[in-house]
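Hi everyone, thanks for coming. Today I'd like to walk you through a structure that is probably new to most of you. Let's bring it up on the screen.

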Amino acid sequence: MYCITDSRFCQFDYQQWVHYFKHNARHRLKIDFSEESRLSPDIRKLIFPSVSAFQKGEQSEGICLRRAAKEFAAEKSEAFYPEAVKWFIKEENMHSAYLAQYMKWHGVPRRQKNILDTFFRNMRRKSGIYSEVTVLITAEIIALSYYTALGNVTGSQILKQICRQMLHDELPHVIFQSYTLSHFKKSTRNTSERIFLMRLSCRAVWTVYGNVFRAGGYTYRRFLSDSMKYLRQSFILSEKMR
């Protein structure tokens, strides 16, 4: 469990986020499979259904998000936001590429469809940038526990490296999305909807991929508790950034 409310990223405006994402793009993880071992059938069966699903989820052109970002930028006079979103999407796609590279080395094909990915994408498109960002931050908070658990499951050093890179990137993403949500008026309804979405999403992800979380040291209670704590930190960040 990480504390994000005191991070240096909490002081960033969108121009600084652009610089951050560009810097990250120049310092990406280089994966070397020369010492990677083949996984046992049991481990393959355990991890690859979720790995392939998250690989699909991280991959997106972000057409709707980019369009909503331009509308938000015009409405809120945030000229650098569309560029920040462009670089954010590139970073997400790099995450997808890491997982795809790992899957390819182990002979696992990419998924064409994933029910959870479809659920999150449909939710994001409901009503502009607010819905896009609310669903994104929910998925990113869940990813913090998922990649922590996944990194604990096997002795694969490559998979552990990928998970560490994901956590390194996803924590600032939560702050980035919280900053965008700070531009909207706080309301009891919005707070309740985000809590409901988080609980619903945690239950859905656990139902499908709870075996990976359990193998990585999680109970459902811990998974939900950590997710709700991150959500509360996001509420605190958005309030501080207003």
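Let's begin with helix α3, whose buried residues are L65, A68, A69, F72 and A73. Around the helix axis these residues cover an arc of only 140°, which puts them on the same side of α3. Turn to the other side of α3 and you meet exposed residues: I63, K70, E71, A74 and E75. Please keep in mind that what you are looking at is a predicted model.

How far apart are the end C-alpha atoms of α3? Helix α3 covers residues 63-76, which is 14 residues, and at 1.5 Å a residue the expected span is 20 Å. The ends in the model are 20 Å apart, so the two values agree. Just after α3 comes S77, with a positive phi of about 55°.

Next, a serine in helix α4, which runs over residues 81-105: this is S96. Is S96 buried or exposed? S96 is buried, and its relative accessible area is 2%. Leaving out residues up to four places away in sequence, S96 touches Q55, E58 and Q59.

Now for the nonpolar core. In soluble globular proteins, nonpolar side chains tend to be buried together. Here, the largest nonpolar core has 82 residues, and W17, I47, Y81 and Y147 have the most contacts inside it. Which helix gives the most to this core? That is helix α6, residues 128-153, with 15 residues.

Let me zoom in on I47. Apart from neighbours within four places in sequence, I47 is in contact with several residues, including L39, Y102, Y146, L150 and V212.

On to the rings. The structure holds 31 aromatic pairs. Take Y14 and F176: their ring centres are 6.1 Å apart and their planes are at 85°, so this pair is edge-to-face. Y14 belongs to helix α1 (residues 14-26) and F176 to helix α7 (residues 157-181), so the pair ties together parts that are 162 residues apart in sequence. Both Y14 and F176 are buried.

Rings also meet charges here. The charged end of K76 sits over the ring of F184, at 5.3 Å from the ring centre. For R203, the charged end sits over the ring of Y220, and there the distance to the centre is 4.0 Å.

That's my tour, and I'm happy to go back to any part of it.

Conventions. Residues are numbered from 1 along each chain as its sequence is written. This is a predicted model: local features need pLDDT of at least 70, side-chain atom pairs count only at pLDDT 80 or more; totals for chains, interfaces and linings use all residues. Side-chain values use heavy atoms; hydrogens and water are left out. Helices (H or I, at least four residues) and strands (E, at least two) are DSSP runs, numbered from the N terminus. The expected span of a helix is 1.5 Å times one less than its number of residues. Buried means under 20% relative accessible area, exposed over 50%, partly exposed in between (1.4 Å probe, protein chains only). The arc is that of the directions from the helix axis to the C-beta atoms. Contact means heavy atoms within 4.5 Å. A nonpolar core is a set of buried Ala, Val, Leu, Ile, Met, Phe, Trp, Tyr and Cys residues joined through side-chain atoms within 4.5 Å. Rings of Phe, Tyr and Trp (its six-membered ring) pair if their centres lie within 6.5 Å; planes under 30 degrees apart count as stacked, over 60 as edge-to-face and the rest as tilted. A charge sits over a ring if NZ of Lys or CZ of Arg is within 6 Å of the ring centre and within 35 degrees of the ring normal.
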